[in-house]
Amino acid sequence: MAEYISGFGTEIQAMADFRETVGLNSYESLLKSFDRFCSEHYPQNRTLVRGMVLDWLAKESEHLNDLRHSATAIRQFGKYLASTGQEAYILPDNFCRRKSAFVPYIFTDAELKSFFYAADALKIVRPQNLNDGAIAPVLFRLLYTCGLRPNEGRELRRSHINFDTGEIKIAHNKQRQERIVVMSDDMLELCRRYDLQRSIFAEGSDFFFPVHGGNPYTSLQMNQLFARCWKNANPGIEPSKLPPARPYDLRHRFATAVMQRWLNEGRDLYAMLPYLRSYMGHKEFSGTAYYIHLLPENLVRSSGIDWSAFEKLIPEVTQ
């Protein structure tokens, strides 16, 4: 039985018990995340209201699949509360559009170079974002070099970084599991230099990349920061005509770069994928094998890979 700590704990547990009894999805893991969120941000609230629901969805969701699952869970919880006679906001059924096929954007080497140059040269545009210029070069390089999910980067705590070994504890990933990733020597040195700056503008905050006030970047704030760098990296292109790159695509580029290096080295890709799966924090092997789809087909086929061995592992949708 899960342990709940918010004012909604009793109702969440009751709904989970009821749905399990009749053979339905209890949404227990998702609603446990909601429970933690309410305990931290709405500790006195005992009524499910619209603002609370939307705030949690904004924090919880980094891409469409997560948003759909989280939205379904909180909608069912609202319906359950209403069915017991309580006042509750029920998220509209059409809150999320139907899932569509999505192809990640894979940066070229030249595009990555331009993007990070733009991040290094970022200028302050708003008083409330005075630290963007120091944070952007480190945050986005960390996503790329360690293959982190965007939320794993923006919510990273300084106390989870070992500045001697370069080890990072990822404590709140997609599956609510912990894992350890290790930075390269160059990335570790960059983080050490940034930490000296951070000790000045972020004293009192444990978040490694805090905004003004000490809180971590929200998903929206990170996306806006990324868009500024992407725009500045392509000064000759209208923003509306730029490829639809996102922070998550830095993680995609990491995975394909690792696989391509293994192929270039003549390694057995099938044997190496479990290591990448563990490093990236994928729950299913298919989540890692998917990235083979993003490699140049001529490279994969010319490397003597048994393509048929992967066919049943690779899902048809990307995220």
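This report describes the helices, strands and selected residues of one predicted protein model.

## Basis of the model

The structure is a predicted model, in which local features need pLDDT of at least 70 and side-chain atom pairs count only at pLDDT 80 or more, while totals for chains, interfaces and linings use all residues. Residues are numbered from 1 along each chain as its sequence is written, and side-chain values use heavy atoms, with hydrogens and water left out.

## The chain as a whole

The protein chain contains 13 helices and two strands. Both kinds of element are DSSP runs numbered from the N terminus: helices are H or I runs of at least four residues, and strands are E runs of at least two. Of the 319 residues in the chain, 48% are buried. Here, buried means under 20% relative accessible area, exposed means over 50%, and partly exposed lies in between, with a 1.4 Å probe and protein chains only.

The accessible surface of the chain comes to about 17000 Å², and carbon and sulfur atoms account for 50% of that area. Such areas come from the Shrake-Rupley method with a 1.4 Å probe, and for residues only the protein chains shown count as cover. Contacts, defined as heavy atoms within 4.5 Å, also link distant parts of the sequence: among those between residues at least 6 apart, 62% join residues at least 24 apart.

## The two strands

Strand 1 (residues 167-170) pairs with strand 2 in the antiparallel sense, over four bridges. Two strands are said to pair if DSSP finds at least two bridges between them. One of the bridge partnerships joins Ile170 to Arg179 of strand 2.

The side chains of strand 2 (residues 179-182) alternate along its length. Arg179 and Val181 point to one face and are buried, whereas Ile180 and Val182 point to the other face and are not.

## Helices 8, 9 and 10

Helix 8 has 17 residues, which should span 24 Å at 1.5 Å a residue; its end C-alpha atoms are 25 Å apart, in agreement with this value. The expected span of a helix is 1.5 Å times one less than its number of residues. A kink of about 25° is centred on Asp195 in helix 8, where the bend at a residue is the angle between axes fitted to the seven residues ending there and the seven starting there. The buried residues of helix 8 are Met187, Leu188, Leu190, Cys191, Tyr194, Asp195 and Arg198, and they pack against helix 6. An α-helix has 3.6 residues a turn, so residues three or four places apart point the same way.

Helix 9, with 14 residues, reaches 20 Å from its first C-alpha to its last, close to the 20 Å expected. Its buried residues include Met222, Leu225, Phe226 and Trp230. Helix 10 (residues 248-264) is largely enclosed by the rest of the structure, because 13 of its 17 residues are buried. Just after helix 10, Gly266 takes a positive phi of about 75°.

## Buried residues in loops

Phe207 is found in the loop between helix 8 (185-201) and helix 9 (219-232). Phe207 is buried, with a relative accessible area of 14%. Among the residues that Phe207 touches, not counting those up to four places away in sequence, are Leu156, Arg198 and Pro216. Phe207 and Gly153 are 54 residues apart in sequence, yet 9.9 Å apart in space from C-alpha to C-alpha.

Asn131 belongs to the loop between helix 5 (109-120) and helix 6 (132-146), and is buried at 18% relative accessible area. Beyond four places in sequence, Asn131 touches Phe201 and Pro210. Tyr27, in the loop between helix 1 (9-21) and helix 2 (28-41), is buried at 15% relative accessibility. Phi of Tyr27 is near 55°, a positive value in a residue other than glycine. Most residues other than glycine have a negative phi.

## Polar contacts of two buried residues

A polar contact is a pair of N or O atoms within 3.5 Å; within protein, one must be able to donate a hydrogen and the other to accept it, and residues adjacent in sequence count only if both atoms are side-chain atoms. Arg154 is part of helix 7 (residues 150-154) and is buried at 2% relative accessibility. The side chain of Arg154 reaches the backbone oxygen of Tyr217 at 2.8 Å.

His282 lies in the loop between helix 11 (269-280) and helix 12 (285-289), and is buried with a relative accessible area of 16%. The side chain of His282 makes a polar contact with the side chain of Arg251 at 3.2 Å.
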